[in-house]
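Let's walk through this model together, starting with the overall picture and then stopping at a few spots worth a closer look. Keep the structure open beside you as you read.

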Amino acid sequence: MAKNDLMSLDRRSFLKGSVVAGFGVAAAGMMTACGSNATSDTPTDKAAVDTGIPESLAETVDCDVVILGGGIAGLAAAVQAGENGLDAILLEAAGDVGGNGTGVEGIFGCNTSAQQEQGIAKLHPGEIIRHELETSLHLSDGVAWYDLVSASAENYDWLVANGVTFNGVINDYGGLFDTMHWFEGGMAGVGYVPAMKDKALSYGVDIRVNAPARSLIYTDNKVTGVYAKNKDGDDIQVNAKAVVLATGGFGYNDDLLGRWGFNMERLIKCGNPMNNGDGINMGLAVGAKDCVADACFLLAPGIAGLGAKSQASSKLCFGGPFMWVNKDGNRFVNEDLGGENMMMTYIPSLEQGETFCLADSAILNAALDGEANATASGDVDARTEFEEVLATNPADNVYQADTLEELAGKFGIDPVGLADAVKRYNASCDQGEDEEFAKTSEMMVPITEPPYYMWRLDPSVMVAIGGLGTNRNMQVLNEDGAPIDGLYAIGTDGVRLYRKVYPIQIAATCCGNNVNSGRIAINNITANL
């Protein structure tokens, strides 16, 4: 591929993986460089789960079910609880409901009424399920996939009946099938959250914000409620026949993230600081099955120092005509693997310890100038962003040099190893075939034109998905696989759809699972009261 042909690459072919299709969250730039562990002073970095009984209580209240968290899953559970006639309380730690769900763009649906109205060809549910299971190497739960896909059309109609609005667009969102049903306004904060909140309130659900749960009440091998704080910071006790964990996972919890193998000194946390793992830790405290190591993430490489919606990061971190190397200077992966699954762009780096991206001036310029680069605010383009971080270099992670040897020295990379790897790579580019990792020929561009550029690719985590073992009814399991009486986990606190890697080629399944799991949990609770 000639270097001047780089300019003709469109966004879709260059960075096909830069959209987080399965979750339905805005593009990859949202996941970059919000702040590393080393600099974060957010008090919710580590969830504190109290284990003792408060010395005094400002209030004790009884209900059928208490829902901890008011995101997509928690709101679905609240509305279903109201519809079922349950006396329900929803406790939300933040100042309003929405949580992670506010930015979600749409929901999965298979053969919905909306798809039929638009003449979209009927989808084969088994093909969707088979693809997801094969993508996960059959580590995920086929029953969970069957339940989600089978219920998705009815879930869509249920949402519409409860006031949720969609903008009419249904597409594949860069994936395989037209399953992405876009919310009104392009985000759940417009189409989903207000309607579901209003519906829950109309049923009499007691929604309490600024009310973080502190610990579960666990007696005689049964969860019977929760200790929490009210909006004034006073301790309260909520007695319930069932507790539903819907706290949004552990994307901001250092201890739980560290267990997964991330380099915590380099980790960039870009999620909601309220997702501090409190629900996961509360479950573990009463003996829940620990599935943290099996969790997956909205995960991508990032460049520390760039903003949360950085255009430069979306152009420079997801592979394509770049060369990725480890500390020894060696390539270790096909750099355009993000074209099929963006979540895979950082997974291989976990084994390497540190990963670095190399480009020469022609490759960098084509990437930064190849298309309109305005950010969401419209005032900073990709080149300006990159040049600013190159000049300030706040995390000692971006350098320019006239020689590869000098560049290697900036990062402590073996210069001989790097030079040899570049020589082999350039030879493969010249012959049009990557003999090492079979990278597509159109992305094989030789690194020959100084100055050279290198930046460290640090892990950027937005959302952690999973953590507690659950069964088909969303009951939390103990380590022996038996349900813990009175305890449920929905949404990203307990997910059986994914293991380790988040498959994203079928759009918005995580949002679909959030709604479906909330409804399943409440219907099971209702049936067993």
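The protein chain has 15 helices and 17 strands; helices (H or I, at least four residues) and strands (E, at least two) are DSSP runs, numbered from the N terminus. Bear in mind that this is a predicted model, where local features need pLDDT of at least 70 and side-chain atom pairs count only at pLDDT 80 or more, while totals for chains, interfaces and linings use all residues. Residues are numbered from 1 along each chain as its sequence is written, and side-chain values use heavy atoms, with hydrogens and water left out.

Of the 529 residues in the protein chain, 59% are buried, where buried means under 20% relative accessible area, exposed over 50%, and partly exposed in between (1.4 Å probe, protein chains only). As for contacts (heavy atoms within 4.5 Å), take those in the protein chain with a separation of 6 or more: 76% of them are between residues 24 or more positions apart.

Now find helix α14, residues 415-431. Its 17 residues should span 24 Å at 1.5 Å a residue, and the end C-alpha atoms are indeed 24 Å apart; the expected span is 1.5 Å times one less than the number of residues. Which residues of α14 are buried? They are Gly417, Leu418, Ala421, Val422, Tyr425, Asn426, Ser428 and Cys429. These cover an arc of only 160° around the axis, so they sit on the same side of α14; the arc is that of the directions from the helix axis to the C-beta atoms. Val416, Lys423 and Asp430 are exposed on the other side of α14. The cover over the buried residues of α14 includes β12 (323-325), β13 (355-360), α13 (404-411) and β15 (452-465).

The two ends of α14 have details of their own. At the start, a side-chain oxygen of Asp414 comes to within 3.2 Å of the backbone nitrogen of Val416. After α14 comes Gly432, with a positive phi near 75°.

Next, look at a sheet. It's an open one of three strands in the order β3-β5-β4, with antiparallel pairing; two strands pair if DSSP finds at least two bridges between them. The edge strands, each pairing on one side only, are β3 (106-108) and β4 (166-171). Direction ignored, neighbouring strands of this sheet are turned by 25° against each other on average. Three bridges join β4 to the antiparallel strand β5 (residues 180-183), and Phe166 stands opposite Phe183 in β5. Lying across β3 and β5 is α15, which runs at about 80° to β3. For that angle, axes are lines fitted to C-alpha atoms, for helices over the stretch in contact, and angles run from 0 to 180 degrees between N-to-C directions.

Just before α15 in the chain, there's a loop to check: Arg496 sits between β17 (483-489) and α15 (509-527). Is Arg496 buried or exposed? At 9% relative accessibility, Arg496 counts as buried. Not counting residues up to four places away in sequence, Arg496 touches Ser140, Asp141, Val143, Ala144, Thr470, Asn471, Arg472 and Met474. With Asp141, the Arg496 side chain shares a side-chain polar contact of 2.9 Å; a polar contact is a pair of N or O atoms within 3.5 Å, and within protein, one must be able to donate a hydrogen and the other to accept it, and residues adjacent in sequence count only if both atoms are side-chain atoms. A polar atom of the Arg496 side chain also lies 3.4 Å from the backbone oxygen of Asn471.
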